[in-house]
Amino acid sequence: MARKVLGYIELVWTCDSCGTRNPGAIKSCTSCGAPQPINVHFERVDPETFNFIKDEALIRMAKSGPDKHCPYCGTRNLADAQVCVNCGGDLTIGATSRPTGILTAEEPAPIPEPSIPSTPSTVQTERKPIPKWAIIVIALVLLVCCFFGTMYFIRMNQTDKMDATVSSTSWQRQVALEAYQLVRASDWKADIPFNAQAYDCQLRYKYNSDNPTQNSEEVCGTPYTVDTGTGIGEVVQDCYYKVYEEYCSYDTMQWVVVDTLTENGSGTDAFWPTTNLGTNERLGNSSERYTITFLASSDSYEYSTTDYNLFQLAQPGSSWVIEVNGLGDVTSVNPE
Ligand SMILES: [Zn+2]
Ligand SMILES: [Zn+2]
């Protein structure tokens, strides 16, 4: 976010000793003469409006850097002063510069950066200590979950070997049919393939920037005042630019899935779907799935695989040894 300086305004400070309000540029109290303390708090003269200073000398002073306090008498001196205006003390060693950048009071907070979606502020709820019985219940629940989880895991890994015969088989093979056709796509104009013709372009918000660009919109927060350390306030505004870019439609040639060819069967001899490919057509991705149904001690078990060689051995009535886990899933099959 860029910080824009709108101008400079006079500030006031209140004397700690006698309570008099003094102009910011006055370095000792106009009433009692006490030097302005280093931790002085500046305020705006009028919190409602900004009366910008037109005096070039004052503005130069505001830009010259924070004033420094005399190490001997505490009097505030200009940043480039060598000796104290009050006591003549040497300011080159031991002088303390005033802090800068402090927001004056009664200012609205600067706008938060709107570019990054801020993470939802977590509401701090009062944390009550968890009662003992709740801890015991949670522990018990965890224990029970652990027990059943372990049982499940054991049953899943526990397999039974059994003799089985093939009762039936089925298969499915699929191939995607693709055509090379004109497809309407859309993208940022800069990212469109150079040989494609862009149309229906519209300006769309793309990102935030600190600097203006060709199509950008300035967004600024509420102005606020910053202490320059000289008794003069700098009125600034945090701004950023919403950048818009052209988003267009374009036509491009692409391979597109236009159909899925499927063959099914129940024997052990599977075949691929065939088709007469037209011009600008091709076969795309293919998939195969073979299912063998076994009968073992009057229970039926299904086993699916993509291994066609194994599937071809599954002649109806043939004898196999299958392994079944505790959940009833067939984990391996071997012809006898
Ligand atoms: Zn005073
Ligand atoms: Zn001094």
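1. The C-alpha centres of domain 1 and domain 2 lie 49 Å apart. In the domain assignment of the protein, domain 1 covers 159-179 + 256-335, while domain 2 covers 180-221 + 238-251; such bounds come from an automatic or database domain assignment.

2. A word on how to read this note. This is a predicted model, in which local features need pLDDT of at least 70 and side-chain atom pairs count only at pLDDT 80 or more, whereas totals for chains, interfaces and linings use all residues. Residues are numbered from 1 along each chain as its sequence is written, chains are lettered from A and ligands numbered from 1 in the order in which they are written, and side-chain values use heavy atoms, with hydrogens and water left out.

3. Please look at the zinc ion (ligand 1), whose protein donors are Cys15 (SG), Cys18 (SG), Cys29 (SG) and Cys32 (SG), lying 2.2 to 2.3 Å from it. Donors are N, O and S atoms within 2.8 Å of the metal (3.2 Å for Na, K and Ca), and water is not among the atoms, so sites may look incomplete. The arrangement is tetrahedral because the 4 donor atoms around the zinc ion (ligand 1) subtend angles of 103 to 115°; four donors count as tetrahedral if all angles lie between 85 and 135 degrees.

4. Along the sequence, the donor residues of the zinc ion (ligand 1) follow the spacing C-x2-C-x10-C-x2-C. Cysteine 15 is buried, with a relative accessible area of 5%, whereas cysteine 18 is partly exposed, with a relative accessible area of 36% (buried means under 20% relative accessible area, exposed over 50%, and partly exposed in between, with a 1.4 Å probe and protein chains only).

5. For the zinc ion (ligand 2), the protein donors are Cys70 (SG), Cys73 (SG), Cys84 (SG) and Cys87 (SG), which lie 2.2 to 2.3 Å from it, and their spacing in sequence is C-x2-C-x10-C-x2-C. The 4 donor atoms around the zinc ion (ligand 2) subtend angles of 102 to 115°, which makes the arrangement tetrahedral. Cysteine 84 is buried at a relative accessible area of 5%, while cysteine 87, at 41%, is partly exposed.

6. The structure holds 2 disulfides, a disulfide being a pair of cysteine sulfur atoms within 2.5 Å. One of them joins cysteine 201 to cysteine 248, with an S to S distance of 2.0 Å, and this link is right-handed, with 110° about the S-S bond. Cysteine 201 lies in strand β8 (residues 198-209) and cysteine 248 in strand β11 (residues 232-265), so the pair ties together parts that are 47 residues apart in sequence. Strands (E, at least two residues) are DSSP runs, numbered from the N terminus. Cysteine 201 is partly exposed at 30%, but cysteine 248 is buried at 1% relative accessibility.

7. A disulfide also joins cysteine 220 to cysteine 239, again with S to S 2.0 Å, and the link of cysteine 220 and cysteine 239 is right-handed, with 110° about the S-S bond. Since cysteine 220 lies in strand β9 (residues 216-220) and cysteine 239 in strand β11, the pair ties together parts that are 19 residues apart in sequence. Cysteine 220 is partly exposed at 30% relative accessibility, and cysteine 239 is buried at 1%. With bonded cysteines counted along the chain, the disulfides of the protein follow the pattern 1-4, 2-3.

8. Why does cysteine 146 form no bond with cysteine 145? The sulfur of cysteine 146 is 7.8 Å from the closest cysteine sulfur, that of cysteine 145, which is too far for a bond. Cysteine 146 counts as exposed, at 52% relative accessibility.

Definitions and conventions:
Four donors count as tetrahedral if all angles lie between 85 and 135 degrees; four count as square planar and six as octahedral if opposite donors are over 155 degrees apart and all others between 65 and 115; anything else is irregular. Helices (H or I, at least four residues) and strands (E, at least two) are DSSP runs, numbered from the N terminus.
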